[in-house]
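Open the model in your viewer and keep the sequence panel visible. The stops below say what to select next and what is there.

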Amino acid sequence: MPKKLTEADMALLAFAREVHPRAYAPYSGFRVGAAVFAGGEIFQGVNVENAAYGSTICAERAAALAAVTAGHTEFDAVAVVGDSEAPCVPCGACRQFLAEFNPAMRVIMGGRTDAVDALRLDELLPEAFVRGYLDQDDGDDDA
Ligand code: THU
């Protein structure tokens with residue numbers, strides 16, 4: 001069910017849409033642009049495919065890498081624009097990757113049409129595996 005988007009959502013989506021044509025997707029032909037909002041700044045990314053298909057990097061992770069490289073590890077929102085007719089959701093691996101930097105961030109999605117959608121990341125990935133699990137010490141040194 002499409003949610004109402006705010007002006008801030010639409011602004012971030014515009015950054016994802018702007019970068020979308022720069023996707024490098026010669027194999028799938030499916031271009032994706034993404035924009036992360038973190039620390040008051042915008043970081044863009046595109047999917048970058050590779051002849052070794054498994055080495056492909058998704059747009060969301062490319063944008064997240066740019067944000068972290070600039071020193072931001074707390075994200076407010078991510079926008080994704082893909083070549084799909086329906087608003088493009090982040091893949092499972094990207095959901096997990098993004099959850100590291102705020103499981104409750106806003107996710108704004110767009111596609112080839114004017115249809116848009118927005119959800120919280122924890123709606124797309126409930127019960128994410130986050131660093132808190134690693135900090136749980138069972139007191140057994142041998143474990
Ligand atoms: N892709 C993304 O960039 N983000 C996603 O969340 C879904 C998939 C890319 C990977 C690949 O280059 C192409 O879309 C087709 O799967």
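Two residues are in contact when they have heavy atoms within 4.5 Å. With that in hand, start with the protein chain as a whole, which is a predicted model. Among its contacts between residues at least 6 apart in sequence, 60% join residues at least 24 apart.

**Stop 1: the whole chain**

Show the chain as a cartoon. Five helices and five strands make up its regular elements. Read from the N terminus, they come in the order α-β-β-α-β-α-β-β-α-α. The C-alpha trace spans about 55 × 40 × 30 Å along its principal axes. The radius of gyration is 16 Å, which agrees with the value near 15 Å for a compact globule of 143 residues.

Now switch on the surface. About 8000 Å² of the protein chain is accessible, and carbon and sulfur atoms account for 54% of that area. Of the 143 residues, 40% count as buried. If you colour by charge, you will find 11 positive and 22 negative charges, whose mean positions are 11 Å apart.

**Stop 2: helix H1**

Select Asp9, which is in helix H1 (residues 7-19). Is Asp9 buried or exposed? Its relative accessibility is 4%, so Asp9 counts as buried. Beyond neighbours within four places in sequence, Asp9 is in contact with Lys4, Arg106 and Ile108.

**Stop 3: strand E2**

Go on to Gly45 in strand E2. Gly45 has a relative accessibility of 6% and counts as buried. Draw a distance from its C-alpha to that of His20: the two residues are 25 apart in sequence and 8.2 Å apart in space. Without counting neighbours within four places in sequence, the contacts of Gly45 are Val19, Val32, Gly33, Ala34, Ala59, Ala62 and Ala63.

**Stop 4: helix H2**

Three of those names lead on to the next selection. Select helix H2, residues 59-69. Which residues of H2 are buried? They are Ala59, Glu60, Ala62, Ala63, Ala64 and Ala67. When you look at such a list, recall that an α-helix has 3.6 residues a turn, so residues three or four places apart point the same way.

Next, show what lies over these residues. The cover of the buried residues of H2 includes strand E1 (32-38), strand E2 (41-46), E3 and H3. Just after H2, select Gly71, which has a positive phi of about 100 degrees.

**Stop 5: helix H3**

Select Leu98 in helix H3. With a relative accessible area of 1%, Leu98 is buried. What does Leu98 touch, leaving out residues up to four places away in sequence? Its contacts are Glu60, Ala64, Phe75, Val78, Met105 and Leu121. Take Glu60 from that list: it lies 38 residues from Leu98 along the chain, yet their C-alpha atoms are separated by 8.0 Å.

**Stop 6: the aromatic rings**

Show the side chains of the aromatic residues. A pair of aromatic rings is described by the distance of the centres and the angle of the planes. The structure holds four aromatic pairs. In one of them, the ring centres of Phe75 and Phe101 are 4.9 Å apart and the planes stand at 25 degrees, so this pair is stacked. Planes under 30 degrees apart count as stacked. The pair links distant parts of the chain, 26 residues apart: Phe75 is in strand E3 (residues 75-82), and Phe101 is in the loop between helix H3 (92-99) and strand E4 (106-110).

Phe75 is buried, at 0% relative accessible area. Phe101 counts as buried too, at 13%. Add Phe97 to the selection: ring pairs link Phe75, Phe97 and Phe101 into a cluster.

For another stacked pair, select Phe129 and Tyr133, with 5.3 Å from centre to centre and 15 degrees between the planes. Phe129 is partly exposed, at 46% relative accessible area. Tyr133 is partly exposed as well, at 40%.

**Stop 7: the loop after H3**

Finish at Asn102, in the loop between H3 and E4. Its relative accessibility is 16%, so Asn102 counts as buried, the cut-off being under 20%. Apart from residues up to four places away in sequence, Asn102 touches Glu74, Phe75 and Leu121. Phe75 and Leu121 are also among the contacts of Leu98.

Conventions:
Residues are numbered from 1 along each chain as its sequence is written. This is a predicted model: local features need pLDDT of at least 70, side-chain atom pairs count only at pLDDT 80 or more; totals for chains, interfaces and linings use all residues. Side-chain values use heavy atoms; hydrogens and water are left out. Helices (H or I, at least four residues) and strands (E, at least two) are DSSP runs, numbered from the N terminus. The radius of gyration is taken over C-alpha atoms; the globule rule is 2.2 Å times the number of residues to the power 0.38. Buried means under 20% relative accessible area, exposed over 50%, partly exposed in between (1.4 Å probe, protein chains only). Accessible areas come from the Shrake-Rupley method with a 1.4 Å probe; for residues, only the protein chains shown count as cover. Lys and Arg count as positive and Asp and Glu as negative; His and the chain ends are not counted. The place of a charge is taken as NZ of Lys, CZ of Arg, CG of Asp or CD of Glu. Rings of Phe, Tyr and Trp (its six-membered ring) pair if their centres lie within 6.5 Å; planes under 30 degrees apart count as stacked, over 60 as edge-to-face and the rest as tilted.
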